[in-house]
Amino acid sequence: MTAAVWSLLGWVFFSLSLSRHQLDALGRALTPRQERLCRSVGAGLLALSLWPAIRRADIGVALVEWMATLSVAALLVTAVLTWRPRGLPHLVAGAVVLALVLTAAA
Amino acid sequence: MRPDGRAEGWRQAMAWLHTWSGLVLGWLLLAIFVTGSLAFFRHEINAWMRPELVQAGPSSAATLALAERRLRELAPDAPQWSIRLPDGREPGVQLAWREPAPGGGRPRFETRAMDPATGRLLDPRHTMGGDFFYRFHFELRSAEKSRWIVEGRWVVGLATLAMFVALLSGIVTHRRIFSDFFTFRPGKAGARSWLDAHNVTGVLVLPFYLLITFSGLMMFHTLYLPAGIAAAYGAGGKGYFEELSGQKPGSVQRQRGTTARPPGPMPALALPAILGQARAHWPAGRVERLTIEREQDGKVWVDVAAHEGDRVQYRAPSLRFEGVSGQFVQARDVDAPMARTYGVLYGLHMARFAGPGLRWALFGFGMLGSAMIATGLMLWVVKRRAEAGRRGAPPPGAGQRVVEAFNLAAIAGLPLAVAAYLLANRLLPVAWPDRADWEIRAFFLTWLACLFAASLRRDAWAWRLGFGVAALLWTAIPVVNAASTPSLSLWATASSGHWGIAAVDLSAIAAAAVFAACAWRVRTPARASYQASPAAPLGKPRVAAVAARGGA
């Protein structure tokens with residue numbers, strides 16, 4: 001679950017690195033430097049999401065679950081960008097709170 | 001192949017490959033994906049289709065003794081017994097024994113279901129249940145006992161290879177794979193929405209598709225590629241199969257296929273003690289099955305196998321005991337590198353390790369894969385109609401008409417047939433001897449009827465009719481269920497905690513809603529006067545106006 005939220009955040013930042021989505025979600029374009037930063041942050045968060053998944057007994061099952069959370073999170077971000085792009089910042093805020101709570105509780 | 005004869009680029013060649021490897025076997029692949037996704041929940045569908053088993057009580061410490069006593073009553077002289085203990089998804093005890101066939105043919109297995117609480121034999125209606133989807137998925141099973149098993153596996157193998165080629169060529173062809181990553185624009189005219197849908201369903205779930213396709217292809221490697229095995233292990237490849245199943249060469253051998261019975265009845269066994277030792281050996285795991293084998297000289301071996309869902313790698317480890325004394329003999333597990341690789345691929349595909357959350361996710365990915373194939377098939381038609389519309393070209397040729405008919409029969413007809421199969425389970429009389437085969441025939445006859453109807457009409461009206469009838473049949477499922485087997489109605493199963501069975505009814509309602517939405521969203525040109533807004537309801541992009549205009 002924690003992994004899901006971190007990967008969700010990761011994908012959000014990835015998506016923001018693409019100019020197509022910046023206008024819809026943020027109402028403005030980002031500079032190339034900001035785009036690169038978004039991409040790195042996104043990749044970092046995706047890698048970070050592996051950690052809560054791996055801390056289980058069977059690494060085989062853990063990797064499958066991690067792959068599944070990556071896909072589910074990406075689909076969720078796509079849905080938000082398609083139908084409620086303005087809601088993306090709210091999604092980020094909610095996800096950050098949830099991620100911190102879950103990580104602290106684990 | 002460029003029309004002007006010039007050499008084409010690599011991407012264009014891959015696009016051609018992607019189109020044709022996807023199109024030629026696309027309808028079969030759609031069926032394989034849909035039935036495979038259903039097979040993830042085959043135990044739940046089995047439970048829904050065998051209502052008589054819902055009375056099974058909880059298992060207890062006495063269950064194993066009850067099972068042994070029942071087997072002693074049913075088959076005291078049998079050379080092999082098998083007891084499968086209940087788990088979360090299969091609540092009954094499965095008893096099985098080997099009967100030598102009359103006339104010295106291959107021995108066959110008899111199975112019975114037993115109530116774990118009382119030891120009473122349960123007598124479910126004769127049906128293939130969810131196992132039909134499972135077996136259709138990899139061998140195109142068309143009846144309960146079919147002669148075309150190997151042929152079916154070959155066809156599925158060919159289709160899987162085509163799927164793999166289509167996946168890889170699709171990745172290569174997709175030029176803006178990263179910038180298009182999250183792009184989905186429903187409601188655009190022409191092929192754009194369909195292409196977006198095809199890309200999004202394709203790319204975001206790509207790890208799943210690659211894994212499932214490759215592991216599926218590898219599962220029957222002994223059938224497709226026997227030459228390498230023969231070269232390394234000799235003509236019969238016997239040593240290979242032993243390594244695959246974890247038998248060490250020269251270890252205690254099983255006698256297979258003996259037709260003579262060992263003398264006398266099964267001696268008294270120390271099964272509870274054996275189970276206790278096995279549980280101590282695997283403190284965090286579950287025991288799935290005990291297999292009791294008797295040899296000609298009277299010795300009895302008991303193999304206790306761990307639950308296959310306890311790890312990814314197939315096959316589960318097992319412990320061998322002496323049946324009469326209960327003494328531990330050896331622990332068995334696959335250890336040849338080849339067998340472990342195969343075991344991981346097999347285990348990944350079967351996903352027996354998946355808990356409820358992951359299982360629903362995998363089912364969802366399977367449905368998205370079906371959507372990917374369906375949008376791809378629609379894309380082929382929509383693009384050609386768009387081109388024809390622009391150039392004022394002649395009406396669609398025979399090939400395009402065939403593709404349109406097959407699209408309708410596969411995308412709307414297959415879900416219809418699945419609903420018909422489930423309805424047949426409730427509507428056919430319980431006492432009919434052939435009812436299992438007739439349920440399967442209901443599936444195929446419905447599907448064939450859809451194909452026939454699609455050959456007559458393929459326009460927007462036909463699509464709306466197809467989706468509408470599908471929505472109707474799926475709505476009927478919980479209704480017919482409640483009417484014919486009240487103990488399994490949605491209300492009863494939800495309030496008694498049988499969530500697996502309730503999920504089938506709930507999914508039927510959800511499926512009906514999806515197909516109703518699809519029927520609603522199919523638009524003819526006269527009605528297509530609005531632009532889809534971000535607040536438009538979720539659903540498939542509307543069939544392009546051009547597609548409907550060019551309809552038959």
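How many residue pairs are in polar contact across the interface of chain A and chain B? The exercises below concern a predicted model.

**Exercise 1. Characterise the interface of chain A and chain B.**

Solution.
1. Begin with the polar contacts: two residue pairs are found across the interface, both at pLDDT 80 or more.
2. Turn to the charged pairs: the rule yields zero salt bridges between chain A and chain B.
3. Establish the extent: 23 residues of chain A are in contact with 26 residues of chain B.
4. Consider the area: the two chains bury about 2,100 Å² between them, with 75% of it on carbon and sulfur atoms. On the chain A side, the most area is lost by A:Arg20, A:Met67 and A:Trp83, which together account for 29% of what that side buries.

**Exercise 2. Determine which helices of chain A supply the side that touches chain B, and classify its residues.**

Solution.
1. Identify the helices: H1 (2-16), H2 (19-26) and H5 (59-83) of chain A each supply at least two residues of this side.
2. Find the largest share: H5(A) provides it, with 15 residues.
3. Classify the residues: the side of chain A that touches chain B comprises 13 nonpolar, six polar and four charged residues.

**Exercise 3. Describe the packing of helices H3 and H16 of chain B.**

Solution.
1. Define the geometry: the axes of H3 (residues 42-49) and H16 (residues 413-427) of chain B come within 10 Å and cross at roughly 30 degrees.
2. List the participants: H3(B) contributes B:Ile45, B:Trp48 and B:Met49, while H16(B) contributes B:Tyr421, B:Leu422, B:Asn425 and B:Arg426.
3. Classify them: five are nonpolar, one is polar and one is charged.

How values were computed. Residues numbered from 1 in each chain as written. Chains lettered and ligands numbered in written order. Predicted model: local features only at pLDDT ≥ 70, side-chain atom pairs only at ≥ 80, totals over all residues. Heavy atoms only, no water. Axes fitted to C-alpha atoms, helices over the stretch in contact; angles between N-to-C directions. Helix = DSSP H or I, 4+ residues; strand = E, 2+ residues; numbered from the N terminus. Nonpolar A, V, L, I, M, F, W, Y, C, P; charged D, E, K, R; others polar. Contact = heavy atoms within 4.5 Å. Buried area = accessible area lost by both parts, 1.4 Å probe. Salt bridge = Lys/Arg side-chain N within 4 Å of Asp/Glu carboxyl O. Polar contact = N/O pair within 3.5 Å; in protein donor to acceptor, adjacent residues only side chain to side chain.
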